[in-house]
Amino acid sequence: MLNLVLFGPPGAGKGTQSQKLIARYNLVHLSTGDLLRAQISRGTELGLQAKKLMDEGLLVPDEVVIGMIGSALKENEQAAGFIFDGFPRTVPQAESLDRLLAEHGTKVTCMVALEVQEQELVKRLLERGKTSGRPDDQNEEKIRKRVTVYNTETAQVAGYYAAQNKFCGLNGVGEIEDIFGQICAILDQHQSAVSEGSQQATKEVKA
Ligand code: AMP
């Protein structure tokens, strides 16, 4: 299985790259932001609670997003792999993801982090806010709050994956196709390492 954690601050291009990656690698896209917005549109109690925090640019509690990811993994037992977009955003979420994937006999393949400076993020999100309909994209103060929350609460998740030798940082400013090509090169390298490893294991079993 190919399980990619696509990481980066709001506006780094995770959603755009996810759409291209799911088409190329036949992966299931799990965006906790999208899952939460679906709850809001359905008017559920969870959605109502989450909306207040999301509108302020704050994180929703770990147990809420971990529960949603756990259910989504169960609903997609046959998937070839997953892209986790906007999750994990805290170290406890990253630890839970490891645990949940282990229960399904798999693990995180790698984290790709898209790196973009704050000024560019603010510009991109204000532009997206003109059409996205997202209240959290339409106000510069809220956007800056989300970036601050990313820097103070989320950025340390990169270290969690670096400690497992699974971290790969990329410049998220440039042509969408170029950045896509660089992510594909990383994923292809991981896939060929996995298939070489399993061929080696087969040879060792035969010998
Ligand atoms: P996103 O669509 O990823 O930009 O997420 C929009 C908002 O949803 C965030 O600002 C948070 O309020 C909330 N959110 C999404 N994913 C998470 C997560 N993994 N942990 C906590 N809050 C989240």
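A polar contact is a pair of N or O atoms within 3.5 Å; within protein, one atom must be able to donate a hydrogen and the other to accept it, and residues adjacent in sequence count only if both atoms are side-chain atoms. The model is predicted, so local features need pLDDT of at least 70 and side-chain atom pairs count only at pLDDT 80 or more, while totals for chains, interfaces and linings use all residues. Residues are numbered from 1 along each chain as its sequence is written, and side-chain values use heavy atoms, with hydrogens and water left out.

**Exercise 1.** Find polar contacts between protein and ligand, and state how much of the ligand is covered.

Solution.
- Step 1. Gln93 has a polar side-chain atom 3.0 Å from a nitrogen atom of the ligand.
- Step 2. For Arg89, a polar side-chain atom lies 2.9 Å from a nitrogen atom of the ligand.
- Step 3. Leu58 uses a backbone N or O atom, 2.5 Å from an oxygen atom of the ligand.
- Step 4. On its own the ligand has 480 Å² of accessible area, and the protein covers 96% of this (Shrake-Rupley method, 1.4 Å probe; for residues, only the protein chains shown count as cover).

**Exercise 2.** Describe the shell of residues around the ligand.

Solution.
- Step 1. A residue belongs here if one of its heavy atoms lies within 4 Å of the ligand.
- Step 2. There are 16 residues around the ligand, and Thr32, Arg37, Leu58, Gly86 and Arg89 come nearest.
- Step 3. The shell divides into 7 nonpolar, 4 polar and 5 charged residues (Ala, Val, Leu, Ile, Met, Phe, Trp, Tyr, Cys and Pro are nonpolar; Asp, Glu, Lys and Arg are charged; the others, Gly among them, are polar).
- Step 4. Helix H2 (residues 32-42) gives the most to the shell, with 4 residues (helices, H or I, of at least four residues and strands, E, of at least two are DSSP runs, numbered from the N terminus).

**Exercise 3.** Locate two backbone features.

Solution.
- Step 1. Phe87 and Pro88 are joined by a cis peptide bond, with omega about -5°.
- Step 2. Pro88 is in the loop between strand E3 (81-85) and helix H5 (91-103).
- Step 3. Asn26, a residue other than glycine, has a positive phi near 60°.
- Step 4. Asn26 lies in the loop between helix H1 (14-25) and strand E2 (28-31).
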